[in-house]
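Okay, thanks everyone, let's get going. I'll put the structure up and then walk you through a few spots I'd like you to look at.

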Amino acid sequence: MSASLNITRPDDFHLHLRDGPVLRDVVAHSARRFARAIVMPNLNPPVTTTAAAFAYRARIVNSLPRHAKFQPLMTLYLTDDLPPDEIAQARASGHIYGVKLYPAGATTHSEAGVTDIRHCDATLEKMAELGIPLLVHGEVIDPAVDVFDREPVFIERVLAPLLRRLPTLKVVFEHITSRVAVDFVLGAGKNLAATLTPQHLLYNRNALLRDGIQPHYYCLPVLKRERDREALTRAAISGNPKFFLGTDSAPHARHLKESACGCAGIFNAHAAIELYAEAFEQAGALDKLEAFAAFHGADFYGLPRNRDRIALVKKSWTVPEAYAFGDHQVVPLRAGEAVSWSLAD
Ligand code: DOR
Ligand code: ZN
């Protein structure tokens, strides 16, 4: 008999669902696996008001497959001039779960992001007061800083000073990629947690340059060294509630990835929990998957833990070469290759 795993239904604490004609195709993958997801606000234009977040939420809910119970948890996009009043409104609405910091120019649709975090002090103080978490894309964009050092330098220049200025602000350091980031999270207070993606647990930067440039392994922050991957894996399987699941599934149409200037973002929602199961199994810690995937994030965000369950079986399947993506296609992580765990439904 093949091995199986029955766990509380997980949540995805970092997800890009996009908008428009692709939404229906994208959200179905997440809704099969996850109960809830923290939905990133980096649309074009970005989601900077509670009203815009509510409208986006309605579009997501209307795009769900019939009978799906998936709950989108909405976020706002921080800009240099997001007013503290908007935070008060967000809190009063009861449906905004975080505010996302994109350093301007750091990644996809970050043009409207923050040019200097000090411009946001009053808004961040309001967030600390009302208990709304700041969700951080932790990279500096200084051209003098090596692309592989952007995360450690962000900690030094932005995150550590911010946590000193606002010691009660809840912060999720999203998709951490380096040993330095793991150590920083471990050394910080309970108000700092971090999400980990399946790609950063399963791959190192060699995957980007295996027999040529591999655009479908390109995301930001970029994959790092093997020693970083090992540190992230140790954090994921440690049982420490500061570390939890956030896929950063970020679909782009195939032609925009397979291009002279390919977009950053890896689509993994088609096999997200299955890929985490692989990573935990490889590390000999399948027994630690449930808390990482279903308890730690909910606890950090003050959400009730899910009650229903999912079952996974150790049964290999081949990932399709592409999935529907509105009028285009999206190439998923592991396209044409095997994933060793399957969702049983
Ligand atoms: O690789 C990424 N893709 N990193 C991000 O931070 C944004 C995301 C996207 O929206 O495509
Ligand atoms: Zn993201």
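Let's start with a loop. Find proline 45, which is in the loop that runs between strand E3, residues 36–39, and helix H2, residues 50–62. The peptide bond between asparagine 44 and proline 45 is cis, with omega at about 0°. Keep in mind throughout that this is a predicted model.

There's another cis bond further along the chain, this one joining leucine 220 and proline 221, and there omega is about -5°. Where does proline 221 lie? It's in a loop again, between helix H7, 198–202, and helix H8, 226–236.

While we're on backbone oddities, have a look at histidine 67. Its phi is near 75°, so to speak on the positive side, and histidine 67 isn't a glycine. You'll find histidine 67 in the loop between H2 and strand E4, which covers 71–77.

Right, on to the ligand. Ligand 1 sits in the largest cavity. Which residues come nearest to ligand 1? Of the 13 around it, the nearest are Arg18, Asn42, Thr107, Leu220 and His252. You've met Leu220 already: that's the leucine on the cis bond to proline 221.

If you sort that shell by class, you get four nonpolar, seven polar and two charged residues.

Now for the polar contacts, and I'll take three of them. In asparagine 42, a side-chain N or O atom is 2.8 Å from an oxygen atom of ligand 1. With histidine 137 it's again a side-chain N or O atom, at 3.1 Å from a ligand 1 oxygen. Glycine 265 does it through the backbone: one of its polar backbone atoms is 3.2 Å from an oxygen of ligand 1. And how much of ligand 1 does the protein bury? Taken alone, ligand 1 exposes 290 Å², and the protein buries 100% of that.

Last topic, the aromatics. The count comes to ten aromatic pairs. I'll show you one of them, phenylalanine 13 with phenylalanine 244. The pair is edge-to-face, with 5.4 Å from centre to centre and 75° between the planes. Why pick that one? Phenylalanine 13 is in strand E2, residues 12–15, and phenylalanine 244 is in strand E9, residues 243–245, so the pair ties together parts that are 231 residues apart in sequence.

That's my tour, so over to you for questions.

Key:
Residues are numbered from 1 along each chain as its sequence is written. Chains are lettered from A and ligands numbered from 1 in the order in which they are written. This is a predicted model: local features need pLDDT of at least 70, side-chain atom pairs count only at pLDDT 80 or more; totals for chains, interfaces and linings use all residues. Side-chain values use heavy atoms; hydrogens and water are left out. A residue is near a molecule or strand if one of its heavy atoms lies within 4 Å of it. A polar contact is a pair of N or O atoms within 3.5 Å; within protein, one must be able to donate a hydrogen and the other to accept it, and residues adjacent in sequence count only if both atoms are side-chain atoms. Accessible areas come from the Shrake-Rupley method with a 1.4 Å probe; for residues, only the protein chains shown count as cover. On a 1 Å grid over the protein atoms alone, a cavity is a set of points where a 1.4 Å probe fits but cannot get out, and a pocket is an open set with protein on both sides within 12 Å along at least five of seven lines; lining residues have an atom within 4 Å of a point. A molecule sits in a cavity or pocket if more than half of its atoms lie within 2 Å of its grid points. Ala, Val, Leu, Ile, Met, Phe, Trp, Tyr, Cys and Pro count as nonpolar, Asp, Glu, Lys and Arg as charged, and the others, Gly among them, as polar. Rings of Phe, Tyr and Trp (its six-membered ring) pair if their centres lie within 6.5 Å; planes under 30 degrees apart count as stacked, over 60 as edge-to-face and the rest as tilted. Helices (H or I, at least four residues) and strands (E, at least two) are DSSP runs, numbered from the N terminus.
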